[in-house]
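Hello,

Here is the structure I promised to pass on to you. Have a look at it first, and then read my notes below.

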Amino acid sequence: NKKIVLKNYVKGFPKESDMELVATGTAPSKVPEGVAGVVLVKNLYLSCDPYMRGRMSNNGGSYVDSFVVGEPITGYGVCKVVDSSHPGFKAGDFVWGMTGWEEYSLIKDPSKALFTIRHPDLPLSYYTGLLGMAGFTAYVGFHEICAPKEGERVFVSAASGAVGQLVGQFAKQMGCYVVGSAGSDDKVRLLREKFGFDEAFNYKEEKDLDQALKRRFPDGIDVYFENVGGAMLDAVLLNMRVGGRVAACGMISQYNLDRPDPVHNLVTIVMKRLRIQGFIVSDHYGKYREYEETAARYVKEGKIAYVEDVAEGLENAPAALIGLFSGRNVGKQVVVVARE
Ligand code: NDP
C-alpha cells in the first residue's frame with residue numbers, strides 16, 4: 001500500500017521534498033475482523049486543493065486540523081468500496097469524500113466522510129471537481145453568497161481554476177457580464193474561448209490592477225468572487241459599485257506568507273455599502289444532493305465546459321499539489337491513483 005506522507009511541517013512555499021512516497025505492507029482486501037462501521041476503499045482519483053496548504057503547517061491557521069507528520073496526507077478523493085462493515089456502504093459502490101493519499105484507505109466514520117456517487121456513468125474524476133466539492137463551492141458561493149441578479153457585472157479571480165471556471169459559467173447562465181483574471185495568456189484564451197467569459201486578462205502582465213479593472217468595468221463591479229486576496233482584492237475594492245457583494249471563497253496569494261499583505265482600501269466597504277462574506281463549502285453540504293443532480297444534468301446535456309489537469313500516479317501527487325501555488329495547473333488538478 002503506497003502512501004504520500006508529510007515529512008515535516010511547512011513554512012513558506014511548500015516543496016515536493018516536504019512530502020515523501022513510502023510503501024508499507026500489502027494491499028488490504030477486507031476491513032479488520034470485528035471492526036464495525038468502517039469501509040475499506042481503493043483510491044482512484046485524488047483532488048489537489050489549495051486549503052491543504054493550511055494543513056501542512058501546525059500554526060492553527062486552517063479551519064481543519066493539521067496533517068500529522070509521518071502520516072499520509074488526507075484530502076478529497078473518488079474511491080471504490082472494496083469491503084464494508086457499515087450498513088450504508090457495500091463493496092463495489094463508488095464514493096467521494098475525505099480519504100488518504102494512498103492506494104487503499106480505511107475510513108472510520110464513512111457516513112460523515114463520504115458521499116455515495118449517484119451518477120457513476122459520468123467521468124468519475126469529475127467528482128473531485130465539477131460534481132463534487134469544487135463545483136458545489138462555485139455554486140453555493142455564486143448563487144447564495146453573491147446573491148447575483150440578472151445582468152449584473154461579475155468579476156472572478158483565479159478564473160481558470162477548478163472553482164473559477166464554473167463560477168464564470170454559472171454567472172453567464174444568469175445573463176451576467178463576466179470578466180476573469182488568470183496568470184497566463186493561455187489561461188486567458190481558455191476563459192474567453194472555452195468558458196464563455198466576456199472579457200479576461202492576465203494579471204501578471206498588468207502593471208496597475210486598478211486600471212486593468214477600470215478598463216473592463218467602466219461602471220464598476222456588482223459581484224466579486226474572491227479566490228486570491230492581496231493586491232487584487234485591494235484593486236477590486238476601488239472598483240466596486242454601491243451595494244456590491246464579495247464572496248470571500250479563498251485568498252490563495254496569502255497562504256504561503258508569514259505575514260499577510262496589507263489591504264489598504266477597506267474604507268470603500270463603508271462608502272459603497274459593500275457586503276463581504278466568507279464561506280466554507282462544507283457548512284452547506286446539506287444541499288449537496290440537489291447540486292449533484294443539477295450539475296449531472298448540465299454535464300449530460302453539454303451545458304457546461306470543464307477542464308481538468310490530470311497527473312498520472314500517486315508519486316506525482318506532491319508536484320501536482322504544490323503546482324497550485326505557482327499556477328502550473330490548467331483547470332481542476334486531479335491525480336490518478338488507479339482508474340478502476
Ligand atoms: P485552482 O484550480 O484555481 O488553483 C489555484 C490557482 O490559483 C492557480 O492555478 C493559480 O492560477 C492561482 N494562484 C496561485 N497563486 C496565486 C497568487 N499568488 N496570486 C494569484 N493567483 C494565484 O484552485 P481552486 O479552484 O481549487 O481554488 C480556488 C480558490 O477557492 C482558492 O483560494 C481556494 O482556497 C478556494 N476554495 C475555497 C473553498 C471554500 O469552501 N471556501 C472550497 C474550495 C476552494 P493563475 O495561473 O491564474 O495564477
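Three elements, α3 (133–145), α4 (162–173) and β15 (332–336), each supply at least two residues of the shell around the ligand. Helices (H or I, at least four residues) and strands (E, at least two) are DSSP runs, numbered from the N terminus. The largest share, three residues, comes from α4. Altogether 31 residues surround the ligand, and the closest are G161, G183, G250, S253 and G327. A residue is near the ligand if its C-beta atom, placed from the backbone, lies within 6 Å of it.

Before you go further, please keep in mind that this is a predicted model: local features need pLDDT of at least 70, side-chain atom pairs count only at pLDDT 80 or more, and totals for chains, interfaces and linings use all residues. Residues are numbered from 1 along each chain as its sequence is written.

What kinds of residues make up the shell around the ligand? They divide into 16 nonpolar, twelve polar and three charged. Here Ala, Val, Leu, Ile, Met, Phe, Trp, Tyr, Cys and Pro count as nonpolar, Asp, Glu, Lys and Arg as charged, and the others, Gly among them, as polar.

Now for the domains. The protein chain is divided into domain 1 (2–129 + 307–336) and domain 2 (133–282), with bounds that come from an automatic or database domain assignment. Their centres, taken over C-alpha atoms, are separated by 29 Å. In domain 1, 16 residues are in contact with 17 residues of domain 2; contact requires C-beta atoms, placed from the backbone, within 7 Å. Why does the shell around the ligand lie between the two domains? Both domain 1 and domain 2 give residues to the shell, so it lies between them.

Next, try finding helix α7 (residues 230–239). Its buried residues are M232, L233, A235, V236, L237 and N239. Buried means that 20 or more other C-beta atoms lie within 10 Å of a residue's own, exposed means 12 or fewer, and partly exposed is in between, with C-beta atoms placed from the backbone. Among the elements that cover the buried residues of α7 are β8 (153–156), β9 (177–182) and α6 (209–216).

For contrast, look at P123, in the loop between β7 (114–116) and α3. P123 has 15 other C-beta atoms within 10 Å, so it is partly exposed. P123 and N239 are 116 residues apart in sequence and 40 Å apart in space, C-alpha to C-alpha.

Enjoy exploring!

Note on methods:
Two residues are in contact if their C-beta atoms, placed from the backbone, lie within 7 Å.
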